[in-house]
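Dear colleague,

I am passing on the structure we spoke about, and below it you will find notes on helix packing and on internal cavities. Please read them with the model open beside you.

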Amino acid sequence: MFNKILIANRGEIAVRIVRACRNLGIRSVAVYSKEDAKSLHVQLADQRICIGEGPAKNSYLNMDRIITAAKNMGADAIHPGYGFLSENSKFVRRCTENGITFIGPDADVIDKMGNKSQARRTMMEAGVPVVPGTKEPVYDAETGRKLAGEIGYPVMIKASSGGGGKGMRVAHTDDEFEFQFNMAQRESANAFGDDTMYIERFVENPRHVEIQIMADTHGNVVALGERDCSVQRNHQKLIEESPSPAINEEIRKEMNRCAILAAKTVGYTNAGTIEYIVDPKGRFYFMEMNTRIQVEHGVTEMVTDTDLIIEQIRVAMGEPLSFTQADVEFRGHAIECRINAEIPEKNFMPSPGVVEHMHLPAGNGVRVDTGLYTGYRIPSEYDSMIAKVIVYAADRESAIMKMRSALDEMLIMGVETNLDFQYQIMRHPVFCEGKADTGFIENIMKIS
């Protein structure tokens with residue numbers, strides 16, 4: 001059993017990890033930037049330590065300060081949450097070198113699956129369906145243009161080290177390829193310090209469906225079903241749900257089987273997600289693997305009655321999974337809406353500031369993960385997501401009705417949010433009929 005876990009993150013996921021530690025009887029340490037001194041995760045943790053100024057590069061991305069904090073506070077392990085250093089293999093190795101357990105997969109697996117080009121090759125060799133595209137990395141526009149012609153337009157240009165929608169561009173014709181390639185490559189270099197790219201056929205009007213897996217160090221790998229993440233803006237997810245209305249039971253079983261195969265192929269341990277795109281004919285293709293807990297993990301927890309953070313910690317301690325594949329039962333329907341401090345009417349411009357008053361929805365089957373409280377100042381230095389509203393009901397129609405009620409009840413004053421925008425989606429006929437693909441938000445904006 002770990003004695004103490006340092007949480008190398010902030011916001012709602014840090015609060016979530018603090019609570020999981022409490023449920024296991026493990027002491028928690030919160031790291032924080034000066035900007036986050038009054039954050040909820042700092043107040044809830046058993047101990048706390050400041051690691052620098054507000055900007056992430058000086059605090060939550062500063063490996064030296066986080067490792068030093070863990071050693072000074074006597075932490076046995078570090079939970080990275082999502083984002084920041086959660087998929088940084090160098091940080092994982094630094095933890096190991098200092099005798100600290102990293103709660104997540106090992107560094108070699110992160111390297112193998114974190115690099116999108118290498119992950120594609122690995123999945124091709126394992127027999128997992130992959131979107132037709134380049135097998136080797138691409139470094140210049142001229143080479144890429146020749147390969148794009150062989151693949152067939154339209155093509156998606158992607159950063160090998162990408163994530164969060166950065167370093168991704170679509171080229172519809174040969175004439176526009178060079179411009180789009182250079183733009184994507186520049187974004188990748190700025191965001192990830194890596195200008196390695198790859199190219200794949202652009203699947204038009206796809207659904208984005210992912211499979212949650214958990215794996216332990218004893219060779220057990222379990223798939224916990226799918227989440228549909230098709231409602232997104234600029235490749236940033238806004239709504240997730242499980243099960244997906246886009247697939248049938250036959251496709252579901254095959255997607256789960258391929259996810260388990262992918263995890264076993266690379267010797268994966270801990271929580272991970274295999275992300276697929278699904279074309280209008282129901283054919284699915286491996287897109288990438290996220291080697292961390294996902295923002296939307298609560299959706300899976302609701303329909304499988306599991307606690308994935310606690311499971312992560314237990315696996316990191318060397319324990320076998322607390323459930324087998326046969327134990328996993330899927331019940332009902334869950335939906336998550338990400339609540340962001342932003343102004344949809346102004347191109348989703350961030351809206352930091354002080355929360356003057358708030359009321360969170362509650363009731364049977366309603367869960368809110370957040371770090372907000374009245375009087376809290378939402379900083380401008382970090383991501384604009386401030387809460388996740390998750391609902392659970394017997395079926396999709398009931399879940400949509402419950403989410404409408406929850407969003408209608410939720411009140412956040414002092415800053416602008418996307419609450420009304422999310423409510424509009426919950427009433428939009430395309431979403432209600434389960435037909436929203438990844439272009440849904442852009443289509444709504446055109447209509448409005």
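In this model, which is a predicted one, I begin with the contact of two helices, where Asp-111, Lys-112, Met-113 and Gly-114 of α5 meet Lys-116, Gln-118, Ala-119, Thr-122 and Met-123 of α6. The residues of this contact divide into 3 nonpolar, 3 polar and 3 charged. Helix α5 spans residues 107-114 and helix α6 residues 116-126, and the two pack at an angle of about 90°, with their axes 5 Å apart. Since angles of 65 to 115 degrees count as roughly perpendicular, α5 and α6 are therefore described as roughly perpendicular to each other.

A second helix pair is formed by α12 (residues 396-409) and α13 (residues 419-427), which pack at an angle of about 160° with their axes 10 Å apart. With angles over 145 degrees counted as roughly antiparallel, α12 and α13 are therefore roughly antiparallel to each other, and α12 passes α13 in a left-handed crossing. On the α12 side the contact is made by Ile-400, Met-403, Arg-404, Leu-407 and Asp-408, and these meet Leu-419, Gln-422, Tyr-423, Met-426 and Arg-427 in α13. By class, the residues of this contact are 6 nonpolar, 1 polar and 3 charged.

Turning to the interior, a search of the whole structure finds 2 cavities of 30 Å³ or more. The largest cavity holds about 50 Å³ of space, and its lining consists of Arg-207, Asp-228, Cys-229, Ser-230, Val-231, Ile-239, Glu-241, Pro-245, Arg-396, Phe-431, Gly-434 and Ala-436. The elements that give two or more residues to this lining are β10 (221-233) and β11 (236-242), with the largest share, 4 residues, coming from β10. Sorted by class, the lining of the largest cavity has 6 nonpolar, 2 polar and 4 charged residues.

The second largest cavity contains about 40 Å³ of space. Around the second largest cavity lie His-79, Pro-80, Gly-81, Ser-86, Phe-102, Ile-103, Gly-104, Pro-105, Thr-291, Arg-292, Ile-293 and Gln-312, which together form its lining. This lining has 5 nonpolar, 6 polar and 1 charged residues.

With best regards

Terms used
Residues are numbered from 1 along each chain as its sequence is written. This is a predicted model: local features need pLDDT of at least 70, side-chain atom pairs count only at pLDDT 80 or more; totals for chains, interfaces and linings use all residues. Side-chain values use heavy atoms; hydrogens and water are left out. Axes are lines fitted to C-alpha atoms, for helices over the stretch in contact, and angles run from 0 to 180 degrees between N-to-C directions. Angles under 35 degrees count as roughly parallel, over 145 as roughly antiparallel, 65 to 115 as roughly perpendicular and the rest as oblique. A crossing is left-handed if the near helix is turned anticlockwise from the far one by less than a right angle, and right-handed if clockwise. Contact means heavy atoms within 4.5 Å. Ala, Val, Leu, Ile, Met, Phe, Trp, Tyr, Cys and Pro count as nonpolar, Asp, Glu, Lys and Arg as charged, and the others, Gly among them, as polar. On a 1 Å grid over the protein atoms alone, a cavity is a set of points where a 1.4 Å probe fits but cannot get out, and a pocket is an open set with protein on both sides within 12 Å along at least five of seven lines; lining residues have an atom within 4 Å of a point. Grid points are joined across faces, edges and corners, and a volume is the space filled by probe spheres set on the points.
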